[in-house]
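I am keeping these entries as a record of what I looked up, one topic at a time. The sequence and the model come first, and my notes follow.

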Amino acid sequence: MSNYQDLRKQISLYFDNELCSDDKQHLLTQIDADPKCSSMFKKERNFREYIKNNIKRPTVSTDLINNIKSKMNYTV
């Protein structure tokens, strides 16, 4: 179970661009060598692509952005 959770964490870190180059290369090697790992990687990639392409983020008004910026200027 621990290996499964570690692998899921590594895959998540990969897609979040949080892995160093050595860890990234190690994960990609593991994905190439292990069909279960490859399947998990593809499922995560497909899920993230689906979310990215199908979930619309709400738009924010310019007034709200300016209000936040002005409050940030006062606290700096």
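Does Glu 44 count as buried or exposed? I looked this up before anything else, bearing in mind that the model is predicted, and found that Glu 44 has a relative accessibility of 14%, so Glu 44 counts as buried.

**Entry on salt bridges**

I searched the whole structure for salt bridges and obtained 3. In one of them the side chains of Arg 8 and Glu 44 meet, at 3.6 Å from N to O. I then placed the two partners: Arg 8 belongs to helix α1 (residues 2-15) and Glu 44 to helix α3, so this pair ties together parts of the chain that are 36 residues apart in sequence. For Arg 8 I noted a relative accessible area of 36%, which means that Arg 8 is partly exposed, whereas Glu 44, as entered above, is buried.

Next I turned to Asp 16, whose side chain meets that of Arg 48 in a salt bridge with an N to O distance of 2.8 Å. This pair, too, links distant parts of the chain, since Asp 16 sits in the loop between α1 and α2 while Arg 48 is in helix α3, 32 residues away. I recorded both partners as partly exposed, Asp 16 at 40% relative accessibility and Arg 48 at 24%.

Another salt bridge joins the side chains of Glu 44 and Arg 48, at 2.7 Å from N to O. Here I noted that both residues lie in helix α3 and are 4 residues apart, which is about one turn of the helix. Which residues are linked in a network of salt bridges? My entry reads Arg 8, Asp 16, Glu 44 and Arg 48.

**Entry on helices α2 and α3**

I then looked at how helix α2 (residues 21-33) packs with helix α3 (residues 35-54), and found an angle of about 115 degrees, with the axes 5 Å apart. Angles from 65 to 115 degrees count as roughly perpendicular, so I entered α2 as roughly perpendicular to α3. On the α2 side the contact is made by Gln 30, Ile 31 and Ala 33, and on the α3 side by Pro 35, Cys 37, Ser 38 and Phe 41. Sorting the residues of this contact by character, I wrote down 5 nonpolar and 2 polar, with no charged residue.

**Entry on aromatic rings**

A search of the whole structure gave me 3 aromatic pairs. One of them I examined further: the ring centres of Tyr 14 and Phe 15 are 5.2 Å apart and their planes stand at 85 degrees, so the pair is edge-to-face. Tyr 14 is partly exposed at 22% relative accessibility, and Phe 15 is likewise partly exposed, with a relative accessible area of 26%. I also noted that Tyr 14, Phe 15 and Phe 41 form one aromatic cluster; Phe 41 had already appeared in my list for the contact of α2 with α3.

**Entry on Leu 7**

Finally I looked up Leu 7, which has its place in helix α1 and counts as buried at 12% relative accessibility. Which residues does Leu 7 touch, not counting residues up to four places away in sequence? I listed Leu 27, Gln 30, Cys 37 and Met 40, and I noted that Gln 30 and Cys 37 also take part in the contact of α2 with α3. The C-alpha atoms of Leu 7 and Asp 32, by contrast, are separated by 14 Å, with their positions 25 residues apart along the chain.

Conventions: Residues numbered from 1 in each chain as written. Predicted model: local features only at pLDDT ≥ 70, side-chain atom pairs only at ≥ 80, totals over all residues. Heavy atoms only, no water. Axes fitted to C-alpha atoms, helices over the stretch in contact; angles between N-to-C directions. Helix = DSSP H or I, 4+ residues; strand = E, 2+ residues; numbered from the N terminus. Parallel < 35°, antiparallel > 145°, perpendicular 65-115°, else oblique. Contact = heavy atoms within 4.5 Å. Nonpolar A, V, L, I, M, F, W, Y, C, P; charged D, E, K, R; others polar. Salt bridge = Lys/Arg side-chain N within 4 Å of Asp/Glu carboxyl O. Buried < 20%, exposed > 50% of the residue type's maximum accessible area, 1.4 Å probe, protein only. Phe/Tyr/Trp six-rings, centres within 6.5 Å; stacked < 30°, edge-to-face > 60°.
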